[in-house]
Amino acid sequence: MSCEYKVYDPSWCPGCGNYMIKTTLKQALEELDIPPHKAVIVSGIGQAGKIPHYIGANGFNGLHGRALPPAIGIKLSNKNLTVIAESGDGDTYGEGGNHFIHTIRRNVNIAHFVHDNQIYGLTKGQGSPTTAKGQKTTLQFDGVRFEPVKPVALSLTMGAGFVARGFSGDIPHLVKLMKEAITYKGYAHLDIFQPCVVWNKVNTFGWYKKHTYYLPDDYDYTNYEEAYKKALEWENGIPLGILYKVEKETYEDTFEFIKNGLPLVDVKLDPMDTEKLMKGFY
Amino acid sequence: MDYTILVGGAAGQGIDTVIHLLERTIKRHGYYVFTYKNFMSMVRGGHNFMQVRFSDKPVTSYVSKIDMIFALNEETIALHRERLKDDGVIIIDNEVAKAEEYNHLPLTQIAKELNNEKVYPTVGFGALVNYFGLSLDIAKEVIYDVLGDKISDVNKQALEKGYDMLERKYNLEKKDDNHILINGNQALALGAIAAGCRYYCGYPMTPSSSVMTYMSAKANEMGIVVDQIEDEVGALNMALGASYAGVRALTGSSGGGFALMTEALSLAGITEIPIVVFNAQRPGPATGMATRTEQSDLRFVIHAGHGEFPKMVIALRTPYDAFYQTARAFNIAEKYQIPVLLMTEEYLTDYNMTIDPFDFSKIKIERYLAKESDIIDERYKRYKFTESGISPRLIPGKVKGKVVLVDSHEHNEYGNIEESTDNRIKMMDKRMKKLEGLKDEIQEPWFIGKENPENLIVCWGATYGAVKEAVDILNTEGGSIGALIYGDIWPFPTKRINEMGKKAKRIIDIEQNATGQLESLINEFTDIKCTDRILKYDGRPINGDEIIQKLNLSI
C-alpha cells in the first residue's frame, strides 16, 4: 500500500453494524490497491453518513439525502478518482429517493453502499423507508402503516446494471461484493443489511443470520427476470450476493470529450478560446 | 432617428422569426438595436409581442411610442394602436383583417403560392425591408444565418415577393457595424465559459433556462458538461461536487428553483466550496408570473441559506455588465471560497441589445489553488486557521498522501466533526473573517448624470437601462439629475451613497418590486433616507418614458 487509511475515532454505538462496514470498506480499498488520495467517499447524513470521517480517504460529507448528486459531479469532473457514495436507508431511499432514481438512470461509474438497518438510528428510532409494515417504533406507536421500499427491486426496475445485497455480519463476503461494486464500470447498487443494536429490536444480527441465504455459485446474474424474482424474495429467505450484473455504457462515456480526453479538472483553460463563440452574435 | 416596430400576435405565429430577421438586418446596417420581448407562459395562442427599437445613437431601453405595428392578428391592433405615433402605420395580412385604415398585404396568399404557408412572416419581413430602405442582400444574408441552409431558399423567395408590397418611406444608409447583438443570459453564459466554467447543471425554469440552453449548444465544442438534473436541490449539490473536484461549476434558476437551492447554498457556506449561482428573477410569490419581470428576490437572495456565512451578491445591469461580472464572480468565489450569487431578471435575460464586442483578453482566470509546497502539515488541513480566514485549497487526487475532507457539520481544521465551544467559535470567526477581505472587492454603484445632482435616483440591476434614458433626457432639458445603479449589492456598498446622498435634495428609489428592497438596505446600512419612490410591480419592465412621466409628478 502506498498510503495508509487512517482512522478518526467513530462515534457509533458499541456493536453497531457500521463498524463492520467500515472495516470492510478499508479492506476492499486496500486489496484493490486504491490509495486514499485517489478515492473519494461521499455521504449524506445519519450514522452511516459519518463514514468519510473514519476512513481517511478524500471525503465529502454533505447533506441529508444528497450523497449522490455531489458524487456524480465529482466523478464527471475527475474520472481518475474512485468515487464511492455511502449512506443509510433513510438517506438514500427516503430523503434522497429522487436522486437515487435518477442516478440509476444516469449510470455514472460510482459505487453506492447503502447501510440498511431498517430504522432511523441517529434521530432515535423512527421508522425508515425499509422498516417493515406493522413494526412498532419510537414514533409509529401503532406500527408503520405502509409498505417498505424494496431497494434492490427498485434499482433493478430503474435499470441498474449492478445490483447486490450484502450483510455486515459476513466481512469476507462483503469485501468481495464491495470490490465487485467498485470495479464495476457504471453505477453499482449494494444494499447492506446492518443491525442497529439500539433502535431496531426486530432486525437483529440473529434475525439477519436466520433470514438470509447466499446465492449459489451457479446463479446466473445476467438473467434479469431471475434477478427480479430474487429481489422480491423476503418471507422465505432473503438472498445475499450479486443479484444482477451486466455491462452498460457509463454516463461519462456518453461525453466524447470526457471519454477520449483528459479528466475535466486537468483541461487547460484560456479565456481567449471562448472568443470564437462571439461570431454568433454579429 | 429613433424608430420602433412592434410585431404582435398569438404564440406560435412566427413573431420570433420576424423579429430575429429584423433586428439582425438593422444591426448589420450599423444601427443600435434594442429588442424588448413581452410574452405569455403558453406555447400556442394568447397575445405576445416584441418591439425592435433602432437608432443611430445608443439605446438602452424600449419606448412606449411606436412607428409601425406588424400585426399577425387583429387583437394586436386593438391592444397597441393607442401607442402608435400620428404618422405611424399598421400592416396586416389581408386574409386576417379587412378594416380599410390598415395596409393589407397578401402575406398568406404569397406563402401559399410558394407552397409553404409557414413563410408568411418572412413575406411581411420583406415588406419592412423595403419600407425602411434596407439592403436586400443583407436581409438575405441574415435569413441564411438565422434560418440555416435548409429553409433559407424558400424564405429568400418570400423576402423578394414581400419586398415589392410596401412603398419605401425611409432610407437607412449602411454604416459600419462594430457591435454584437446579445441578451443578458447569453452574455452570462459567455462570461462563464470564458472564465473556465466547464460544468453546468440545472433544472429548466423560465427565465433562467436559456443560460443552460446556450451552454448546451456549445458543450461539445468547448468541452462543457451540461446536465439537466432531476431538481434544483440536486443541481446545486452536484455543482458543489464538481467544484470540490476542481472544476468551475455554475448553476442557476429562477425564484422557486432558487428557493430549493438554499439548502445546498448553506452547505457551500460551511464546506467553503466556491460556487457561482444565478437567480433569474420573475414575479413571485411561488410560481408568480413565469414570463414576466420583477426585482423582488433581493432580500431573499442576500439572506439565502440557513445559518450565518459570508456570501457575495452581484446584480447584473446590462448584457455587457453580465459578461464581465459573471467572469469576475468565478474569481471571487474561488479567492474567498464562498458562494457568489448573480441576480438577473426576466427583462435582462430576454432583451436583445447592441453592445461593444467583449474583450476576452480582459478576462483572467484566477484559481487561488494551493500548491503541494503550500501544504506543510503532515496531514492536510482543509480548514486551516489563517489570518484571512481563507485556508489553502487543495484539489482531491492531486497530491499523493494528502486527502481533502469537507463536511456539512461543524468541523475542525481537518474537516472532521467537532463541536467543542472553542472550535465552533474559531471556525465561525474564520469563515466570517473573509468579509473583511471581501469588503475590498466590493465595487461602488455606477454613477451617471450630472455631478452633485439635486435629484439622485437609486436603483439596481436591469432598471439601469430605463434610468439611463430618463436621466439623459431630463438633463438635456435642463434638469439636475443623477443616478446610482447598484451592481455589487451584498455586502452592501455604502461609500458613494453616503457621499452623494447627503448633497442631493431628493433621493428617488426606483425598483421593480412592491416594498422598495434596495431602499430598505440603504435605510439599514447608511445615514441616507430616500424621499420618493417609484415602484413598479405589474410584471412589466419600466422604461425611460414612464420614469420621466412619474418623476414629473414627484419632482
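In this short talk I will go through the overall build of chain A, its contact with chain B, and a few unusual points in the backbone. Please keep in mind throughout that this is a predicted model.

Let me begin with chain A as a whole, whose secondary structure comes to 10 helices and eight strands. Its radius of gyration is 20 Å, close to the 19 Å that the globule rule gives for 282 residues, so chain A is as compact as a globular protein of that length. If we take the principal axes as our directions, the C-alpha atoms of the chain fill a box of roughly 70 × 45 × 40 Å. Of the 282 residues, 58% count as buried, and when we look at contacts between residues at least 6 apart in sequence, 70% of them join residues at least 24 apart. The accessible surface of chain A comes to about 11,300 Å², with 53% of it belonging to carbon and sulfur atoms. As for charge, chain A has 30 positive and 31 negative charges, and the mean positions of these two sets are 4 Å apart.

Now to the partner chain. How many residues does each chain bring to the contact? Chain A gives 54 residues and chain B gives 71 residues, and the area buried between them is about 5,100 Å², of which 64% comes from carbon and sulfur atoms. Within the share that chain A buries against chain B, A:Leu269, A:Phe281 and A:Tyr282 supply 15%, which is more than any other three residues.

Finally, the backbone. Most residues other than glycine have a negative phi, and most peptide bonds are trans. With that in mind, consider two residues of chain A. A:Asp33 has a positive phi, near 60 degrees, and is found in the loop between α1 and β1; A:Gln118, which is not a glycine either, has a positive phi of about 60 degrees and is found in the loop between β4 and α6. Which of the two words, buried or exposed, fits A:Gln118? Its relative accessible area is 2%, under the 20% cut-off, so A:Gln118 is buried, whereas A:Asp33, at 51% relative accessibility, is over the 50% cut-off and therefore counts as exposed.

In chain B there are cis peptide bonds to look at. One joins B:Gly284 and B:Pro285, with omega about -10 degrees, and B:Pro285 has its place in the loop between β11 and α12. Another runs from B:Trp490 to B:Pro491, with omega near -5 degrees, and B:Pro491 is found in the loop between β19 and α17.

Note on methods
Residues numbered from 1 in each chain as written. Chains lettered and ligands numbered in written order. Predicted model: local features only at pLDDT ≥ 70, side-chain atom pairs only at ≥ 80, totals over all residues. Heavy atoms only, no water. Helix = DSSP H or I, 4+ residues; strand = E, 2+ residues; numbered from the N terminus. Rg over C-alpha atoms; globule rule 2.2 N^0.38 Å. Buried < 20%, exposed > 50% of the residue type's maximum accessible area, 1.4 Å probe, protein only. Contact = heavy atoms within 4.5 Å. Areas by Shrake-Rupley, 256 points an atom, 1.4 Å probe, with all protein chains shown as cover. Lys, Arg positive; Asp, Glu negative; His and termini not counted. Charge placed at Lys NZ, Arg CZ, Asp CG, Glu CD. Buried area = accessible area lost by both parts, 1.4 Å probe.
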